[in-house]
Amino acid sequence: MSQNVGVRAAGTRRWLKRLEVRMLGLALLVFAALSLASPFFLQANNLLNLLDQSVVTGIVAAGMTFVILTGGIDLSVGSVLGVTAVIMGLTIRHYGIAAGVGAALVSGGIAGLFSGVLVARFGLPSFVVTLGVMAIGRSLAYIFSGQNSISDLPAAMSDLVYTPILGVPSNVASLIAIYVLTWLYLGFTRGGRTIYAIGSNREAARIAGLNVLGYSILPYVISGVFSAIAGVLMSAQILSVDPLAGTGLELDAIAAVVIGGASLAGGRGSMIGTLIGVLIMVMIRNGLNLLGVSPFWQGSAIGVIIIAAVLIERLVSARTGGG
Amino acid sequence: MSDTALLSARGIEKIFDRTRALACASLEVRAGEVHGLLGANGAGKSTLSRVLSGQVRHDRGEIFWRGAPYAPRRPREAIEAGIGMVMQETSLAPDLTVLENIFLPALARPGGFRPRAFRAQAEAILEGLGQAQSLPLEAEVRSLSAAQRQLVEIAKTLAMEAALIIFDEPTASLSPGEVERLFDIITRLREEGRGIVFVSHRLEEVFAITNRVTVLREGRTVAASIPTASLTQAELIRLMAGQDVSGGRTSSRTTANGQEVVLEARHLAAPPKVRDVSFTLHRGEILGLGGLVGAGRSETLEILFGLRAPAGGEMRLEGRPFAPHRPREAIRAGLALVPEDRRGQSIVPDLSVQENLFLAHLAARRGFGVGLRDREAEARRLLERLDLPAGRLDEASMLAFSGGMQQKIILARWLLLKPRVLLLDEPTKGVDIGTRRSIYDMLREVAASGTAVLVVSSDFEELLELCARIVVISDGTTIADVESALLDETKLTLFAAPRSSMGAVSSLLAALVAEYGGVAFWGLIDGSLTEGGRFYCLARVGEDSAAEPGFRAGETPLIAATRIPAALSAPKEGFVREAGGSPATLLVPVKSHRGHALGWIGLSLAGASLPEPAPLRQRIGAVIAHEM
């Protein structure tokens, strides 16, 4: 067995070399550049702020990674976040915080199950299905909320976000916990490896007898639940729910996953990569704010980074003969 | 044949990743000759063809085309130079019409698509090939037969005015009648002064059509431009296989030996590909599923493995009804499938070699983790048995491996599960000759340990070597179940011919029965067998117990065991009456117009008054010469 472990470690090393290490290099470069450019960037306060800003995008991007690994895409994450947050807000009024959070997670799961079944069982393109769910979700968010913000959330909600766990606030702790658990799941369990196999060669996975249907649906459910978690944390932070919450979030999440080295064709990508992708995006936003750059330029900056990251990845992998 | 070389290639070398596909290959083709390019599977024939037609760039070596250096970087350059290739797996666009496909390359030239001019040109090309009636120009290519598609490919190269045409295994999916027609076309092309490269490993065809041959072995040319007429089949086999590999098959075919039935299929149907397939598979046996490409063999395996829903028929696994709806159910029941298309159906490129090896295990396992520990010892034993260095397991991708190595890993993937039934689809496609041997040995060993093995292959030699029994499928229907000791490639080819292309024979048989009664049949007589002559019945029409010949289509009885031994053992000009007085049988030899013997057509009649044999003989002979 020791030999076996050694084999896997060697494989993992090579894999790291291929993918995340390059992105980590990019992240450190951005980090160093911003540290030099702005005296405020490196302050402890700002670093914590950086992690705090990563929570919502990070959790949604984690779910998105699952979907993209199977070769799909989930455009509905932003509006699922919005509608589940509204459901939570309404439920809390009558049944309390625990029930509200539970209702949000369950409805997020149901939304994901709906998309997943249509994509995996009926073979519809994920782009189209989740585009539809995106529209439905946002529309329901308006209807359920009566087009108004829900601003009567109990103050105890903020405990969900600010209770320190091992010295870090609980929202950052949940982000870390989610990334550790999903990393372990994708790398070392039957289900995780099945998801990679499906994304890499669905037909081979099917013939090998893997549960292709089940593990094609699961990523959408995870994505829906994670969107709901992100919505809960977001609402708890500001103690209010806006039916517009999460608008445009799908683009940030997809961008983070892609910057993290995942292939939109499926089969390639990792949680570590996605986390780095999220941090790069948040750092750039944060840094540009600190430098006083107009927020209207931020979109261009993020866009350039996405395209450059993918272009570099393509050029490098073409040269090494991979991909 | 002119004496100057049209094309000459010397010292061609090509390395794919780590595999040396061509080591030192050379080829010289003259105008007005058919040049055979021969070699076993994996010898580099296809790679060399692809180099010449610009699909692959060679690493080293030089090519001269009409005396000038030639190094095509893409297919377009080869086309413009005048080198065309008729592909093994066709390169046609199925949704476009025949006409559009023929002129597809012309779309890239200035001038645009001129339907009327193109139409006239296409008609002229087909006329020149003597095939004016065989291709509807407005039909979608999707609706064509394999032979018609090939004709489109040929017309396509001619529309580009190719002076050299490479045919890559052109007969793999053709019936004998269609092969004859293709040979007519090739002969015409040669007479027009074009150079033809004919890539094949079927020796009879090589002798029938080529003027000179070049033999490749393990990527190198071992015999260059030898006149075909100066060679014997045995010499050619020795050149192709090398000295070390003895040609002797028959050595160790695994027979069922009365073992119990493991898997039984009765009248399986999944139209349009599978119509009526039946067979029984015994424990410890290697059974062949033979037939032409597209006959429905792969689809039959798909039904067995739960990849395709049958519309009719039943399957029994160890006596119990068996109807898997997905591969997982088939695997849990003890089946395993090594599919044909490794890249598309087996390899997961983003998983490591080790994970690829354990993929089926991952699926079969219950529980949360990946559990490689469970099968580690078995995996190590298998890798050793298959000569796979354990060190290569940690490589990141299987794609860098040679075809043979890949196939060994996929085979090991399934053997890890210790299946009761192992299904293999073209198990040595793209596998080099050395690895082929070890795969054969492995399959024999697996069968000997009690697994039932079912092999689908288009390579009849492979089936004859490996299998004790061969079930032949043609147009989705099982038509014969014959011991392979009784078969050779010629007989297998005739059994496997699509019934549709044999329509002329069938309608002749039906017409004879309608007119004269009795039983009409078509088959081969083989008197060369040691235990006495046998009759191989390919087709039969008519139910008349008084004229019963004593065999049905697909049967291969000893002549002595039939009801018409006198007629079959000594065919004469007229009717031969059996010893008991009935029936009387007329046998007429069938020859194609190229002179190939295609067996005998017989008419058995009861009763005393017999028709005049001479006009009958003429009628039977005439139909065949025109229609086959």
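**View 1. The end of helix α6 of chain A.** Just after α6(A), Gly146(A) has a positive phi of about 65 degrees. Helices (H or I, at least four residues) and strands (E, at least two) are DSSP runs, numbered from the N terminus. The model is predicted: local features need pLDDT of at least 70, side-chain atom pairs count only at pLDDT 80 or more, and totals for chains, interfaces and linings use all residues. Residues are numbered from 1 along each chain as its sequence is written, chains are lettered from A and ligands numbered from 1 in the order in which they are written, and side-chain values use heavy atoms, with hydrogens and water left out.

**View 2. The span of α6(A).** Helix α6 of chain A covers residues 126-145. At 1.5 Å a residue, its 20 residues should span 28 Å (1.5 Å times one less than the number of residues). The end C-alpha atoms are 28 Å apart, which agrees.

**View 3. Two sides of α6(A).** The buried residues (under 20% relative accessible area; exposed is over 50%, partly exposed in between; 1.4 Å probe, protein chains only) of this helix are Ser126(A), Val129(A), Thr130(A), Val133(A), Gly137(A), Arg138(A), Ala141(A) and Ser145(A). Seen down the axis of α6(A), they fall within an arc of 160 degrees (taken from the directions from the helix axis to the C-beta atoms), so they line one face. The buried residues pack against α4 (77-95), α5 (97-120) and α11 (212-238) of chain A. Contact here means heavy atoms within 4.5 Å. The face turned away from the buried side carries the exposed Val128(A) and Ile143(A).

**View 4. Arg212(B) and Glu33(B).** These side chains meet in a salt bridge (2.8 Å, N to O). Arg212(B) lies in strand β9 (residues 212-217) and Glu33(B) in the loop between β2 (19-30) and β3 (34-38) of chain B, so the pair ties together parts 179 residues apart in sequence. A salt bridge is a side-chain nitrogen of Lys or Arg within 4 Å of a carboxyl oxygen of Asp or Glu. Arg212(B) is buried, at 6% relative accessibility. Glu33(B) is buried too, at 0%.

**View 5. Lys45(B) and Glu169(B).** Lys45(B) forms a salt bridge with Glu169(B), the closest N and O atoms being 3.5 Å apart. Lys45(B) sits in helix α1 (residues 45-52) of chain B, and Glu169(B) in the loop between β7 (164-168) and α6 (176-191) of chain B, 124 residues apart. Lys45(B) is buried, with a relative accessible area of 4%. Glu169(B) counts as buried at 13%.
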